[in-house]
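Work through the exercises below with the sequence and the coordinates open. Try each task before reading its solution.

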Amino acid sequence: MSTVTTAGTTTVTTTGTPAVTLPLGDLHASLADPLLDAMTFLNEVTERYPDALSFAPGRPHEGFFEPEDVHTYLDAYLAHLADRGLSRSAVRTALFQYGPTKGIVADLVARTLANDEGMDVAPEALVLTVGAQEGMLLVLRALCATPEDVLLVSSPCYVGVTGAARLLDLATVPVPEGPDGGPDPEAVRAAARAVRASGRRPRALYVVPDFANPSGTSMPVRARAGLLAVAAEEGLLVIEDNPYGFFAREPDEQPGERPTLKALDGNRGQVVHLGSFAKTCFPGARLGYVVADQRVLAPDGRTTLLADELAKLKSMTTVNTPALSQAVIGGMLLRHDCRLRTANAPARAHYAANLAVLLRELERQFPAAERARLGVSWNEPEGGFFAVLRVPFTADEAAMERCARDHGVLWTPMAPFYPAGGGERRLRLSISALSESGIEAGVARLADFVRAAAAAA
């Protein structure tokens, strides 16, 4: 074996095979950020304890997926193309070749948003993306032009957007959730002014208004208009992420009772809306979208849509979104008359029932006197996948591994969701992937762990 070090790169040669070692300090600083390790650790723990009941994943329940449905939806989309008069050659090109960067099913998505959310969206204002995560990266890259641009984020916050900001060297400033859920409008105003006073520009606010990951909370409807008003006054764009909006606990909740920020915004252009078909259709398709109808003014006086500018960025990253994924989701939209809210009624009922079981079992396992003695509490979300349990010990990765090893149950530490620190004694519970009996057994195991950990602490 021989070792040679030059300019920070170590080359180790073993039996004639060169291997280059790159010092981590020479790579982008985000790679040393613990935030990027959080999901990797969770996946590793899950693999090490495959028999543990898991409240960790935020993935949809697999009982709603059938392999043969993929063919059904693809056939529906092919029939749609034939009905539009496309020749066999044109269909072949649409499915097998690189397609338009902005996507091929924007018209169907626009119809679905109109039916389900009351959002009047022109197809040309849409960009179909490889999951909502790509949409986040594109929007942040486009909006944030200088090192002085700052992204405000609701705290606790989905790690996907703070991770994306970290990759882009974009500063984030947390805005704590209010007592009723979501960022308080006046707290947003204060944060924007503090950023501006520091010589930087508050560029946008990222928020999940409905059943947010990780907290499960929702913005009160009355606060949504107030948030938009503050954003307009402070020159902030609002980046709205809406993966869980269909999954309210109340079975009779109607479209419009919990309007998206984009629907409330109308044609004012204050809101960039991120959507995904991961929870409402299936995550394996990896299909998301951005509604970006803002006008962009070029120095020569030309105007384009922000969606067109995002497409330029996308053309240099993923080039285009896979046509087969779009075709399958497009066929699913067609089969359900572009009304996913109705199509997701069974899923909504399933998640609502699971959430009710979780809250009931927490109440049963931790009677009022015991939870007062232990210092245990939890929130009661109005829907979605997640709830948060407050515990009397540090709920970190080491505690989670002990819980998996000794009690056979997994959960997610909350601390990585707090950009400025916090959440050390909170853990996230997801109800989406378990059965009702699994939730009952899992809460019982979790309660045993909490008592043991509290005694040790």
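## Exercise 1: Backbone outliers

Phe 211 has 0% relative accessibility, so Phe 211 counts as buried. (Buried means under 20% relative accessible area, exposed over 50%, partly exposed in between, with a 1.4 Å probe and protein chains only.) The model is predicted: local features need pLDDT of at least 70, side-chain atom pairs count only at pLDDT 80 or more, and totals for chains, interfaces and linings use all residues. Residues are numbered from 1 along each chain as its sequence is written, and side-chain values use heavy atoms, with hydrogens and water left out.

Task. Place Phe 211 and Asp 169 in the chain, and give the phi of each.

Solution.
1. Phe 211 sits in the loop between E8 and H8. (Helices, H or I with at least four residues, and strands, E with at least two, are DSSP runs numbered from the N terminus.)
2. Its phi is near 55°, a positive value in a residue other than glycine.
3. Asp 169 also has a positive phi, about 55°, and is not a glycine.
4. Asp 169 lies in the loop between H6 and strand E7 (171-176).
5. Asp 169 has 54% relative accessibility and therefore counts as exposed.

## Exercise 2: Cis peptides

Task. Which peptide bond has omega of about 5°, and which has omega near 20°?

Solution.
1. The bond joining Ser 155 and Pro 156 is cis, with omega about 5°.
2. Pro 156 is in the loop between strand E6 (149-155) and helix H6 (159-167).
3. The bond from Asn 213 to Pro 214 is cis too, with omega near 20°.
4. Pro 214 belongs to the loop between strand E8 (201-207) and helix H8 (221-234).

## Exercise 3: A four-stranded sheet

Task. Give the strand order of the open sheet of four strands, then explain why E14 and E17 each leave one side without a neighbour.

Solution.
1. The order is E14-E15-E18-E17, with antiparallel pairing. (Two strands pair if DSSP finds at least two bridges between them.)
2. Strands E14 (377-378) and E17 (412-413) stand at the edges; each has a single partner strand, so one side of each has no neighbour in the sheet.
3. E14 and strand E15 (residues 386-390) run antiparallel and are joined by two bridges.
4. Across this pairing, Trp 378 stands opposite Leu 389 in E15.

## Exercise 4: Aromatic pairs

Task. How many aromatic pairs are there? Work out the geometry of Tyr 351 with Phe 385 and of Phe 366 with Trp 378.

Solution.
1. Apply the rule: rings of Phe, Tyr and Trp (its six-membered ring) pair if their centres lie within 6.5 Å; planes under 30 degrees apart count as stacked, over 60 as edge-to-face and the rest as tilted.
2. The count comes to 12 aromatic pairs.
3. Tyr 351 and Phe 385 have ring centres 4.5 Å apart and planes at 50°, so this pair is tilted.
4. Tyr 351 lies in helix H13 (residues 345-365) and Phe 385 in the loop between E14 and E15, so the pair ties together parts 34 residues apart in sequence.
5. Both Tyr 351 and Phe 385 are buried.
6. Phe 366 and Trp 378 form a tilted pair, 6.4 Å centre to centre with 45° between the planes.
7. Phe 366 is in the loop between H13 and helix H14 (368-374), and Trp 378 is in strand E14, 12 residues apart.
8. Phe 366 is buried at 1% relative accessibility, and Trp 378 is buried with a relative accessible area of 16%.
9. One aromatic cluster is formed by Phe 64, Tyr 244, Phe 247, Tyr 351, Phe 385 and Phe 386.

## Exercise 5: Cysteines

Task. How many disulfides are there? Check Cys 144 and Cys 281.

Solution.
1. A disulfide is a pair of cysteine sulfur atoms within 2.5 Å. The count is zero.
2. The closest cysteine sulfur to that of Cys 144 is in Cys 157, 14 Å away, too far for a bond.
3. For Cys 281 the closest is in Cys 338, at 11 Å, also too far for a bond.
4. Cys 144 is buried at 5% relative accessibility, and Cys 281 is buried at 6%.

## Exercise 6: Nonpolar cores

Task. What is the size of the largest nonpolar core, and which helix gives the largest share of this core?

Solution.
1. A nonpolar core is a set of buried Ala, Val, Leu, Ile, Met, Phe, Trp, Tyr and Cys residues joined through side-chain atoms within 4.5 Å.
2. The largest has 82 residues; among those with the most contacts inside it are Leu 389, Trp 411 and Leu 446.
3. Helix H16 (residues 436-456) gives the largest share, eight residues.
4. Leaving aside neighbours within four places in sequence, Leu 446 is in contact (heavy atoms within 4.5 Å) with Leu 389, Cys 403, Val 409, Trp 411 and Leu 429.
5. A second, separate core has 30 residues, including Met 136, Val 153, Ala 164 and Ala 212.
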